[in-house]
Amino acid sequence: MSTREVDIAIIGSGTAGMSAYRQARKRTDRIALIEGGPFGTTCARVGCMPSKLLIAAAEARHRLAVLPAFGIASDAGRVDGRAVMKRVRDERDRFVGFVLDAVAGFDPAHVLRAHAEFEDPHTLKLSPAMDGSVPPVERVRAGRIIIATGSRPAIPAVLRAAGDRLIISDDVFDWQDLPGSVAVFGAGVIGLELGQALHRLGVRVHLFGRDGRIGAISDPVVRAEARRLIAAELPLSLDAADVRVERDGEAVVVHFTDPGSAATSERFDYLLAATGRTPNVEMLALEHSGLELDARGLPVFDPQTTRAGDSHVFIAGDADADRVLLHEAADEGHLAGEQAARYPAVYRHTRRTPLGVVFSDPQIAYAGRRHAQLLADGVDFAVGEVSFEDQGRSRVMLVNHGLLRVYGEQGSGLLLGAEMIGPQNEHIAHLLAWAIQARMTVAGVLQMPFYHPTIEEGLRTALRELLTALGMGAAPPLHCIDCGPGA
């Protein structure tokens with residue numbers, strides 16, 4: 001029975017796995033990088049980049065509708081669905097190519113095309129990969145193991161009645177042409193981004209959600225504003241009840257009831273399930289790993305070490321269901337690879353400040369601790385806000401929609417976090433995340449320069465309101481170099 005002995009075995013070659021491999025290789029050459037599915041990251045193949053390509057096309061067309069308000073005549077903007085999707089596929093394949101080139105640069109002696117599962121805490125049993133590749137050995141015995149198996153779309157049973165008209169985000173980016181209509185289930189990041197983009201490209205879209213949630217917003221005031229703005233553009237049912245799906249020929253029929261309305265039925269060409277993701281761990285036979293598992297069947301781990309309990313196993317990326325974002329997966333993979341390589345000298349790392357962006361229009365974003373987290377943690381905090389409706393630069397650009405809310409700690413005046421929907425909020429969220437990680441106070445941030453006229457001036461307005469809400473008065477003047485007494 002053939003067995004390969006290694007120092008570190010990494011299961012999965014996505015963003016986290018690749019990052020872990022690079023770090024582990026700095027300290028040992030005895031590595032096995034095990035991949036049972038396609039090489040490449042979720043972001044490159046079906047996530048970040050393909051969706052942004054579709055969004056870019058949608059935004060370009062949407063701006064045509066705004067041009068008359070500037071006094072500029074424009075056509076309606078005929079959409080060539082085949083051309084749109086060809087560019088999406090071509091650019092998607094280009095990004096995937098970069099990832100595959102990176103994998104090709106790994107030592108081929110380290111790469112095993114195989115499915116892996118635990119046989120005991122240190123032994124992984126191998127079987128053929130999805131493409132039929134037969135591994136050269138039957139087992140890998142490793143001193144340390146990194147689980148970086150990623151995630152996959154989670155599809156509720158109620159949606160499966162759509163049959164082959166049920167699609168996930170992966171399928172969208174293989175379309176040859178745009179369909180006539182799509183029911184999008186899930187008003188989180190993926191559902192909102194794709195739903196709005198398809199709508200702006202001329203596809204009839206209805207967006208369905210649960211419990212009134214939209215775009216991962218936890219602040220009820222920001223959420224209400226987001227619902228108002230998105231509902232003004234495309235049909236929303238964020239509190240739909242009695243949902244039932246059925247096939248009728250080549251169409252999907254969705255039966256539902258909105259609060260205060262009669263039961264309704266709508267026909268669609270496709271049903272897009274964007275209802276969250278689930279970690280790929282159920283095929284790992286974790287019951288043989290010796291690890292403590294939580295109620296979801298995931299290893300209990302420390303996010304500041306990526307270590308599962310006091311074991312030799314580390315977990316990173318979407319597989320841990322902690323911070324399911326590409327930059328977080330890269331950070332966790334880096335940390336897991338470093339920790340596994342240094343084991344048993346494991347140490348805790350400070351994580352970067354949380355930062356998330358939904359590339360809707362207006363953009364939704366958060367930085368630092370969110371409203372719900374502050375309430376759950378019992379933090380004594382105050383809130384400052386600004387509406388973008390009358391914000392100068394936003395109004396000039398005719399993108400004056402949205403709301404920004406910032407949170408500060410009572411007593412210390414520390415800037416804690418923010419949630420927002422508004423124009424180009426990806427940039428404001430970055431600025432706030434940097435300031436929060438630097439442990440700046442609200443007063444300290446107000447000492448920073450704000451150029452005029454910019455959208456960022458809206459942030460200054462919110463911070464000034466927050467400073468007042470903290471009972472700290474107006475923003476202090478810049479440090480005076482040559483002031484007299486009492487200045």
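Let's start on the outside: Phe70, Ile72 and Leu398 come together as a nonpolar patch on the surface, and between them they have about 240 Å² of accessible area. Keep in mind that this is a predicted model.

Take Ile72 from that patch. You'll find Ile72 in the loop that runs between helix H3 (48-66) and helix H4 (81-104). Its relative accessibility is 43%, so Ile72 counts as partly exposed, given that the partly exposed class sits between the 20% and 50% cut-offs.

Now step back to the whole chain. There are 13 helices and 22 strands to trace. With a radius of gyration of 25 Å, close to the 23 Å that the globule rule gives for 487 residues, the chain is as compact as a globular protein of that length. If you box up the C-alpha atoms along the principal axes, you get roughly 75 × 75 × 40 Å.

What about the inside and the outside? Buried residues account for 49% of the 487 in the chain. The accessible surface adds up to about 22100 Å², and carbon and sulfur atoms hold 53% of that. As for how the chain meets itself, take the contacts with a separation of 6 or more: 65% of them join residues 24 or more positions apart.

To finish, look at a charged residue, Glu328, in helix H8 (residues 326-342). Is Glu328 buried or exposed? Its relative accessibility is 1%, so Glu328 counts as buried, the cut-off for that being under 20%. Setting aside neighbours within four places in sequence, Glu328 is in contact with Arg323, Arg351 and Pro354.

Note on methods. Residues numbered from 1 in each chain as written. Predicted model: local features only at pLDDT ≥ 70, side-chain atom pairs only at ≥ 80, totals over all residues. Heavy atoms only, no water. Patch = residues over 30% accessible without salt bridge, like charges linked within 9 Å, V, L, I, M, F, W, Y side chains within 5 Å. Areas by Shrake-Rupley, 256 points an atom, 1.4 Å probe, with all protein chains shown as cover. Salt bridge = Lys/Arg side-chain N within 4 Å of Asp/Glu carboxyl O. Helix = DSSP H or I, 4+ residues; strand = E, 2+ residues; numbered from the N terminus. Buried < 20%, exposed > 50% of the residue type's maximum accessible area, 1.4 Å probe, protein only. Rg over C-alpha atoms; globule rule 2.2 N^0.38 Å. Contact = heavy atoms within 4.5 Å.
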